[in-house]
Structure formats: structure tokens, C-alpha cells
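Trainee: Got a minute to go through this one with me? I'd like to get my bearings before I head back to the bench.

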Amino acid sequence: MSTISKDPKERAMTEHCIDACNSLLRGEISAVETYGQAIDKYAEEPEIAILIRIQSEHQKADELLRDNILEMHGVPQTESGAWGATAKAIQAAANFFGESSAIRSLQQGEELGQSAYEAALDDDQVLPECKTMIRDQLLPMVNEHITRLENLNESASKSASKR
């Protein structure tokens, strides 16, 4: 584990990075909760395996961010906060309007996560080690989620048009 820097500038940068990672962590917590809602709603649908896999990958991202925050001697967030409440409300409404709408809502959440990770990469005060984790592990995962959800949305749209 790393030691706490006595240099005020380094410590400030570490604190900023902890805050940035906690913000990303709140997004991951929200994603796990939101996918849980969609999984509950569409438990009988064939696409459920994909949603479960994505939720599991968000749980992995949650763990990576928590471990990273702890390594920097920070305190990881435990709740999604207002962002999560908003995401759950949007997902509940989308679930009401059908599978295609729900999948599109999940995709929009992934796109918000993608933007948050890209913003962290552009932030000069986020530590290089954190940027490596984001660039090599977290952002590729989110990009893959977007592709999977786009494919699911196309499938759901085709199924709906055949009915």
C-alpha cells in the first residue's frame, strides 16, 4: 500500500483523485442498482443473460474503484446518492414503456458513464495510476456494454415490429 504524501501539492492531487474516483464509484453503484431493476423486470426474457453479465461487470468496476480509493487512503462511497435515485426513476419509467425503452435507458446510462470516464482521463489532477485503470479496464468495459446494448436494442426493435 502506498504511503500518504507529506507534500501538500501531492496530497491535494491525491484528494482530488479520491473525489474523482468516488464520483465514478457512485455511477457504478447506480449502474448495479439500475441493472438490478431491469433484471427483475425482464427475468423471463432471453436477453437476461446479457443484462446479468453487464451488471456483474459493473460490480467488478465497483470493486476496482473501491480498492483504488482505499489504496490512496480514501474512504469509498457506499451509496449512489442523488444520481442513483434519478437513474432508478428513469429506468422505472422506461421499464413501464417496454423492453426497447428500458434497454435504451440502460444504454444512455452507459453513455453517461463513458463520458465520466473520459472526463477523468482528461483531468490533469487525476493520478496516472488511476488513469491507467480507467483507460485499460473500466472504459473498455463501458464501451463493450454500449455495443451489447445497441445490439439488444436492435433485436428488441425487430421483435416488436414482427408482433
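**Walking through the model**

Mentor: Sure, let's start with one residue: Thr132 comes out as partly exposed, because its relative accessibility is 37%. Keep in mind that this is a predicted model.

Trainee: Okay, and which helix is Thr132 in?

Mentor: Thr132 sits in helix α5. Its C-alpha is 8.8 Å from that of Leu121, and the two residues are eleven apart along the chain.

Trainee: Let me back up. How many helices and strands does the protein chain have?

Mentor: Five helices and zero strands. Going along the sequence, the pattern reads α-α-α-α-α.

Trainee: And what share of the residues counts as buried?

Mentor: 42% of the 163 residues in the protein chain.

Trainee: How do α1 and α2 pack, then? What's the angle?

Mentor: About 160°, and the axes are 9 Å apart. Helix α1 covers residues 8–41 and helix α2 covers residues 48–71. With that angle, α1 is roughly antiparallel to α2, because anything over 145 degrees counts that way.

Trainee: Is the crossing left-handed or right-handed?

Mentor: Left-handed, for α1 passing α2. The residues in that contact split into 17 nonpolar, six polar and three charged.

Trainee: Speaking of nonpolar, which residues touch the most other members in the largest nonpolar core?

Mentor: Leu65, Tyr117, Ile134 and Leu138, out of 24 residues in that core. The elements giving two or more residues to this core are α1, α2, α4 (99–122) and α5 (128–162).

Trainee: Which of them gives the most?

Mentor: α5 does, with eight residues. As general background, nonpolar side chains in soluble globular proteins tend to be buried together.

Trainee: Changing topic: I'm always wary of cysteines. How many disulfides turn up in the whole structure?

Mentor: Zero.

Trainee: But what about Cys21? How far is its sulfur from the closest cysteine sulfur?

Mentor: It's 3.9 Å, to the sulfur in Cys130. That is too far for a bond, because the sulfurs of a disulfide have to be within 2.5 Å.

Trainee: And is Cys21 buried or exposed?

Mentor: Cys21 is buried, with a relative accessible area of 1%. Cys130 also counts as buried, at 1% relative accessibility.

Trainee: Good to know. What about Asn22, where is that?

Mentor: In helix α1. Asn22 counts as buried because its relative accessibility is 5%, and the cut-off is under 20%. C-alpha to C-alpha, Asn22 is 9.1 Å from Gly74, although the two are 52 residues apart in sequence.

Trainee: Any other residue in α1 worth a look?

Mentor: Try Ala38, which is in helix α1. At 1% relative accessibility, Ala38 counts as buried. There are 65 residues along the chain between the positions of Ala38 and Ile103, counted as their separation, and their C-alpha atoms are 8.4 Å apart.

Trainee: Last one. What is the phi of His73?

Mentor: Positive, about 65°, although His73 is not a glycine. For context, most residues other than glycine have a negative phi.

Trainee: Where does His73 lie?

Mentor: In the loop between α2 and α3 (81–97). His73 counts as partly exposed, at 33% relative accessibility.

Trainee: Great, thanks. I'll go and look at those spots now.

Key. Residues are numbered from 1 along each chain as its sequence is written. This is a predicted model: local features need pLDDT of at least 70, side-chain atom pairs count only at pLDDT 80 or more; totals for chains, interfaces and linings use all residues. Side-chain values use heavy atoms; hydrogens and water are left out. Axes are lines fitted to C-alpha atoms, for helices over the stretch in contact, and angles run from 0 to 180 degrees between N-to-C directions. Helices (H or I, at least four residues) and strands (E, at least two) are DSSP runs, numbered from the N terminus. Angles under 35 degrees count as roughly parallel, over 145 as roughly antiparallel, 65 to 115 as roughly perpendicular and the rest as oblique. A crossing is left-handed if the near helix is turned anticlockwise from the far one by less than a right angle, and right-handed if clockwise. Ala, Val, Leu, Ile, Met, Phe, Trp, Tyr, Cys and Pro count as nonpolar, Asp, Glu, Lys and Arg as charged, and the others, Gly among them, as polar. Buried means under 20% relative accessible area, exposed over 50%, partly exposed in between (1.4 Å probe, protein chains only). A nonpolar core is a set of buried Ala, Val, Leu, Ile, Met, Phe, Trp, Tyr and Cys residues joined through side-chain atoms within 4.5 Å.
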